[in-house]
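Please open the model in your viewer and keep the sequence panel beside it, since each stop on this tour begins with a selection.

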Amino acid sequence: MAGHDRGPAGTTPERGHGSARGTPRIGDVAREARVSSATVSRVLNGTSRVSPELRERVLAAVHDLGYVPHGPARALAMRRSHTIGAIIPTVDNAIFATCVQALQDRLFQHGYALVLASSDYSFERERRAAGALLSHGIDALMLVGSDHDPQVYAQLARKRIPYLNVWIHHAHSEHPCLGFDNAAAAAALTRYLLELGHREVAMIAGITAGNDRARERVQGVRGALAARGLGFGPGRFCEAPYDIEAARQATARLLDAASPPTAIVCGNDVQAMGALFECQARGVDVPAEMSVTGYDGLDLAGHVQPPITTVEIPSAEMGRRAADDLMARVEQREAPLRVELGTRLLVRGTTGPPRRGALAPA
């Protein structure tokens with residue numbers, strides 16, 4: 001940008017190093033991007049709409065120059081920090097990583113930063129994480145599910161901080177939510193097994209205490225079975241952590257029963273992989289002797305052999321739309337109270353008709 005990027009007193013800052021005093025300023029960014037300082041402020045503060053082309057130029061200049069806005073001063077002036085918080089149950093599951101990456105990418109495009117915490121499925125840890133994020137001045141908070149310590153909601157209300165529950169959709173929710181109907185998706189998966197002829201169905205669910213998503217998946221499976229006059233036989237329902245080894249142990253108990261099921265519905269794909277591995281270790285043919293299903297649509301679930309039949313959830317779309325929703329709330333633009341996203345049943349190699357004595361599909 002020679003000839004267009006002269007600093008104070010005729011000096012020319014070196015590209016990527018800012019002003020003559022060593023710290024790039026907003027004027028340096030404006031010259032680098034060939035826009036006004038006011039345009040730079042609008043991009044960084046999100047106070048009005050800027051064309052995508054101008055926004056990209058400004059953000060590229062910010063990156064190239066290493067410009068860091070003076071956060072405390074800007075937050076005081078705008079009463080915003082341009083920081084969004086997110087608390088997820090765990091960082092040890094790729095499905096949450098996909099959502100968070102999409103969330104962060106969309107926020108970055110609009111000049112926002114993301115601060116992440118995990119709760120390990122603990123209400124106490126989530127409450128403490130929320131308090132820490134709020135004390136650092138976040139503008140909004142993304143939570144997973146709608147089961148939360150009432151103190152979390154109270155803190156958000158007291159500080160007037162916008163929030164959004166993702167991974168869940170309730171038609172009459174009083175809380176802003178963006179996600180899908182876990183019960184309906186699990187019910188559709190179960191009906192598919194019933195249509196194949198399965199009547200001896202077992203379930204390895206996630207831990208339902210404090211986890212509305214796991215609880216509603218159980219409700220969906222139970223409801224679909226009940227609609228056919230069926231239920232879980234003795235010992236055919238258990239809860240286990242979302243862990244391969246725990247799922248293997250639960251599967252071993254099902255296989256050791258006097259009358260094993262013909263299908264195992266798992267609370268997520270990690271559990272389904274554990275169930276599949278245990279069957280294979282014991283020489284149980286999947287799906288000829290046992291059908292196994294998962295939930296989430298992890299990439300890895302499509303690459304094991306045989307690939308796992310599962311419910312695919314729109315985790316990346318959810319992250320992007322959560323970012324848009326939270327930014328709209330921070331900027332006091334209109335945002336819907338409830339948004340429902342779709343899921344998709346992926347029929348793969350771990351499901352087939354039952355091996356013995358099945359009734360004809362109803």
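Select Ser-146 to begin, and you will find yourself in the loop between strand S3 (140–144) and helix H7 (150–159) of what is a predicted model. Is Ser-146 buried or exposed? Its relative accessibility is 18%, and because buried means under 20%, Ser-146 counts as buried. To see what surrounds this residue, add Tyr-153, Asn-165, Ile-168, His-170 and Asp-212 to the selection, which are the residues in contact with Ser-146 once its neighbours within four places in sequence are left aside.

From there, follow the chain to the other end of H7 and select Arg-160, which is found in the loop between H7 and strand S4 (163–166). The backbone deserves a look here, as phi of Arg-160 is near 55 degrees, a positive value in a residue other than glycine. The residue is exposed, with a relative accessible area of 76%.

Now select His-82, in the loop between helix H4 (71–78) and strand S1 (83–88). This residue, which is not a glycine, also has a positive phi, near 55 degrees, but His-82 is buried, with a relative accessible area of 3%.

A further positive phi can be inspected at Arg-34, where the value is near 60 degrees and which follows helix H1. Select H1 itself, residues 26–33, and switch on a surface: the helix is mostly covered, with six of its eight residues buried. Which residues of H1 are the buried ones? They are Gly-27, Asp-28, Val-29, Ala-30, Glu-32 and Ala-33.

The next stop is a pair of helices, H5 (residues 94–109) and H12 (residues 315–330), which pack with their axes 7 Å apart and at an angle of about 40 degrees. That angle makes H5 oblique to H12, and the crossing of the two helices is right-handed. To display the contact, select Ile-95, Thr-98, Cys-99, Ala-102, Leu-103, Arg-106 and Leu-107 on H5, and then, on H12, Ser-315, Ala-316, Met-318, Gly-319, Arg-320, Ala-322, Ala-323, Asp-324 and Met-327. If you colour these residues by character, they divide into 10 nonpolar, three polar and three charged. While the side chains are shown, it may help to recall that an α-helix has 3.6 residues a turn, so residues three or four places apart point the same way.

Two prolines come next, and for these the backbone atoms should be visible. Select Val-286 together with Pro-287, and note that the peptide bond from Val-286 to Pro-287 is cis, with omega near 15 degrees; Pro-287 is found in the loop between helix H11 (269–281) and strand S9 (291–293). Then move to Gln-305 and Pro-306, where the peptide bond is again cis, with omega near -10 degrees. Pro-306 has its place in the loop between S9 and strand S10 (310–312).

Finally, clear the selection and view the whole chain, which contains 12 helices and 12 strands. Of its 362 residues, 52% are buried, and the accessible surface comes to about 16,600 Å², with 52% of that area belonging to carbon and sulfur atoms. Among the contacts in the chain with a separation of 6 or more, 71% are accounted for by residues 24 or more positions apart.

Key
Residues numbered from 1 in each chain as written. Predicted model: local features only at pLDDT ≥ 70, side-chain atom pairs only at ≥ 80, totals over all residues. Heavy atoms only, no water. Buried < 20%, exposed > 50% of the residue type's maximum accessible area, 1.4 Å probe, protein only. Helix = DSSP H or I, 4+ residues; strand = E, 2+ residues; numbered from the N terminus. Axes fitted to C-alpha atoms, helices over the stretch in contact; angles between N-to-C directions. Parallel < 35°, antiparallel > 145°, perpendicular 65-115°, else oblique. Left-handed = near helix turned anticlockwise from the far one by under 90°. Contact = heavy atoms within 4.5 Å. Nonpolar A, V, L, I, M, F, W, Y, C, P; charged D, E, K, R; others polar. Areas by Shrake-Rupley, 256 points an atom, 1.4 Å probe, with all protein chains shown as cover.
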